[in-house]
Amino acid sequence: MSALNSIKATFASMSRNARIGLSVGVALLALATALALWLVFSPRQELLFGNLSEADAAEIAATLGEWKVPYSLSENGTGILVDGQKMLDTRMRLVSAGIPKGGHVGYELFDDNEFGVTEFAQRINYQRALQGELERTIASIPGVQNVRVHLSIRRAGSFLGEEASSKASVALALQPGMQLAKRQVAGIRNLVASAVEGLSPASVVVVGPAGLQLAGAGEGEAGSAGDGADAAVDMSARIQGRVEQLLSEALHGQRASVSVDVRLNFDKVHRTLERPVALPGTTQGIVVRRSSSGGRPAEGAGEAALINEQIEYAHGTEREEVTRAAGAIERISVAVVLPNGVAADERERLMRLVSVAAGLDASRGDSIEMGNAAEVPATAVEAPSAAAGMTPAKAAVAPSLPTRNGLLWVLAGFLLGMVAGVMLMWRRRARPLLLTRDESERAALQVQAWLREERH
């Protein structure tokens, strides 16, 4: 009771503004405590699916509503949150049900057999199902946000020409900042061509964002030139890396500058040769028919001369078709700058090593140049190296700010509020209480009364 009386006396001795401030502080602390407890003990929701399209999010939300599973939307409707304890079970149920379908209809079109369906309708359903399956497969490639596939499947018939073939077109929508490589586009074309009967990869057109054609018929010489440039750059990089590694080992860790330029020939050459085939060891062919005519010689006369002889030869033909492979190496040029102090005989040895490592061929016109670096003053070399050496160190120790959860911020604010309240109460208890004007006058009158009583 003494502690309670002391608290009451302290509260009564405070001014009106101090009482209001203390009451507000206690109320805020109580509210923060209740909020922290609610956040800690309330059921937590975890992300079920994220980065969804509007169609997929609507499909999942409708399914969860049918299953009576509570959910909430996040990330502007692109994410769905459910109870953390039920998240894995709900995800497995959705996956087993084939949800989300991504807006693509596959072979599930044939799950329900309908009687009386015409052949034309069945063919259209098969085409739709095949397009949907291809769309699902292509959409699983990293970086692809949405995809549409259109097929024109060849139908065998007596009124179709021999040259009639299937065709396909693929429209891709990529995620922001993503870009498909040439090999990925070629893989998509081969994937579609392998799934459709009578379809070749050359008949598959791939269109990217903003209608930009990535590959397909009609890409023309520009596409071939681009592919050739990429192949030349890749080959130059491979040769350069191999030569740099060789020189690093030969120079005992010293660095040499290497530049490699590869020129490829992508001209397609088709040559056909035909020549007659004669009998072995002769210039004549195989005898098919031989006829001769002449007169009988008279008695006592000499031999009669041969009047006529006809020989028919069958000459065989040999046909040779030669197709020159595109992408043949036309020329390789290598330039190497060695560090200072490499002797001439050592440079000759390194030149032979580099020639073998790069696969140079003098008859093809390949060339190599090798020389030492120019002398540079020591001060000019040390200053940039020191400055360059400081940058990675600073970058390595640069702190990264960790992300914090909202619950941690609430708890931190609650603790800071409690510390501030305790310090405020301690300062008020340590500070002497100040009396008001009326209280001072009453105290003075009481002291005067005590002094009068002592005198009497």
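A salt bridge is here a side-chain nitrogen of Lys or Arg within 4 Å of a carboxyl oxygen of Asp or Glu. The structure is a predicted model, and a search of the whole of it finds 4 salt bridges, among them the three pairs in the table.

| Pair | Closest N to O distance |
|---|---|
| Arg-136 and Glu-133 | 3.6 Å |
| Arg-148 and Glu-135 | 3.6 Å |
| Glu-346 and Arg-349 | 2.5 Å |

Arg-136 and Glu-133 both belong to helix H5, where they lie 3 residues apart, about one turn of the helix; Arg-136 is partly exposed at 27% relative accessibility, and Glu-133 is partly exposed at 22%. The salt bridge between Arg-148 and Glu-135 links distant parts of the chain, since Arg-148 sits in strand S4 and Glu-135 in helix H5, 13 residues apart. In this pair Glu-135 is buried, with a relative accessible area of 6%, whereas Arg-148 is partly exposed at 45%. Glu-346 and Arg-349 are 3 residues apart in helix H8 (residues 344-358), and are therefore separated by about one helical turn.

Helix H6 (residues 182-195) has 14 residues and spans 20 Å from its first C-alpha to its last, close to the 20 Å expected. Its buried residues are Val-185, Ile-188, Arg-189, Val-192 and Ala-193; they lie on the same side of H6 because they cover an arc of only 130° around the axis. These buried residues pack against helix H5 and strands S4, S5, S6 and S7, while the face turned away from the buried side carries the exposed residues Arg-183 and Ser-194.

On the surface, Ile-20, Val-24, Leu-28 and Leu-31 form a nonpolar patch with about 390 Å² of accessible area together.

Key. Residues are numbered from 1 along each chain as its sequence is written. This is a predicted model: local features need pLDDT of at least 70, side-chain atom pairs count only at pLDDT 80 or more; totals for chains, interfaces and linings use all residues. Side-chain values use heavy atoms; hydrogens and water are left out. Helices (H or I, at least four residues) and strands (E, at least two) are DSSP runs, numbered from the N terminus. The expected span of a helix is 1.5 Å times one less than its number of residues. Buried means under 20% relative accessible area, exposed over 50%, partly exposed in between (1.4 Å probe, protein chains only). The arc is that of the directions from the helix axis to the C-beta atoms. Contact means heavy atoms within 4.5 Å. Patches are made of residues with over 30% relative accessible area and no salt bridge: like charges are joined within 9 Å, nonpolar side chains (Val, Leu, Ile, Met, Phe, Trp, Tyr) within 5 Å. Accessible areas come from the Shrake-Rupley method with a 1.4 Å probe; for residues, only the protein chains shown count as cover.
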